[in-house]
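The points below are offered as a colleague's reading of the structure shown here. They are numbered so that each can be checked in turn.

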Amino acid sequence: DNHASYTRIGLTVVIGAVAIVGSLIYLGGMRGRGSEVVAETYYDKPVSGLSVGSVVNFRGVKLGEVREISFVGNKYEVDDGLASSRIYIKMALDGRLLDVDGITGEEFRQWVAEGVEKGGLRASVVSSGITGLSRIELNYFAPENLDPVPPIFWRPESPYIPAKISLFDNISVAATKVLNQINRM
């Protein structure tokens, strides 16, 4: 009688463990179902609060995450010291959300280039508030609100989305200029 109880308990534990492991495998597999596309940007300003795994948004919708942060000089062969100290940011984006699911790498490169040239597609490092964390925000900007694209002297491995200084950085620069003028007076 005890033997039958132990068998049922053991069987229940094994079935429960298999169900938990199966659920985890299923849910983990769902995460990678979308086609992933990769893009990169280079930033001249500090990217405090941005880290690998930080969110990449497109017009406020989560689109992907930051995969790598380094210096351009560590990633590419660059002779210019100023360019080699620019910050390299690699982003993994969900192709389904961009409606580019299933296109080739070269077609995605052309899609990004058209967005940059015709639509004013730019990437900004944006602070997420008082937490100190930052994210990448992709958005289209009107031509009159765009800074000139700094030249790059290397061929990016992934499609290149130029950086745009965020509103917070612009305010910070303006405030610093005002304080410096007051200090000189």
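1. Leu138 makes a useful starting point in this predicted model: once its neighbours within four places in sequence are set aside, Leu138 is in contact with Val56, Asn57, Phe58, Arg59, Leu63, Met91, Leu93, Leu121, Arg122, Ala123 and Ile161.

2. The largest nonpolar core has 24 residues, and Leu138 is listed among those with the most contacts inside it, together with Ile89, Met91, Leu93, Ile136 and Ile161. At least two residues of this core come from each of strands S1 (36-43), S2 (55-58), S3 (61-71), S4 (87-94), S5 (121-127) and S6 (134-140), and helix H5 (105-117) likewise supplies at least two. The most is given by S4, which contributes four residues. A second core, separate from this one, has eight residues, including Val72, Tyr76, Val78 and Tyr88. As background, nonpolar side chains in soluble globular proteins tend to be buried together.

3. For the overall frame, the protein chain has six helices and six strands, and these follow one another along the sequence in the pattern α-β-β-β-α-α-β-α-α-β-β-α. Of its 185 residues, 31% count as buried, while the exposed surface of the protein chain comes to about 12,000 Å², with carbon and sulfur atoms supplying 58% of that area. Among contacts with a separation of 6 or more, 65% are accounted for by residues 24 or more positions apart.

4. Turning to strand pairing, S2 and S3 are antiparallel and pair over four bridges, with Val56 standing opposite Gly64 in S3. S3 also runs antiparallel to S4, to which it is joined by seven bridges, and here Val66 stands opposite Met91 in S4. Met91 is also one of the residues with the most contacts inside the largest nonpolar core.

5. The connection between S2 and S3 deserves a closer look, since these two strands form a hairpin with two residues between them. Arg59, found in the loop between S2 and S3, has a positive phi of about 55° although it is not a glycine. Most residues other than glycine have a negative phi. Arg59 is exposed, because its relative accessible area of 51% lies over the 50% cut-off, and Arg59 is also among the residues in contact with Leu138.

6. Which residues of H5 are buried? They are Phe108, Arg109, Val112, Gly115 and Val116, and because they cover an arc of only 125° around the axis, they lie on the same side of H5. The face of H5 turned away from this buried side carries the exposed residues Glu106, Gln110 and Glu117. The cover over the buried residues of H5 includes S1, helix H4 (95-98), S5 and S6. The length of H5 is consistent with its residue count, because 13 residues at 1.5 Å a residue should span 18 Å and its end C-alpha atoms are 18 Å apart.

7. Finally, Val125 is found in strand S5 and counts as buried, because its relative accessibility of 7% is under the 20% cut-off. Its C-alpha atom is separated by 8.5 Å from that of Tyr43, although Val125 and Tyr43 are 82 residues apart along the chain.

How values were computed. Residues numbered from 1 in each chain as written. Predicted model: local features only at pLDDT ≥ 70, side-chain atom pairs only at ≥ 80, totals over all residues. Heavy atoms only, no water. Buried < 20%, exposed > 50% of the residue type's maximum accessible area, 1.4 Å probe, protein only. Contact = heavy atoms within 4.5 Å. Areas by Shrake-Rupley, 256 points an atom, 1.4 Å probe, with all protein chains shown as cover. Core = buried A, V, L, I, M, F, W, Y, C linked by side-chain atoms within 4.5 Å. Pairing = 2+ DSSP bridges. Expected span 1.5 Å × (residues − 1). Arc of directions from axis to C-beta.
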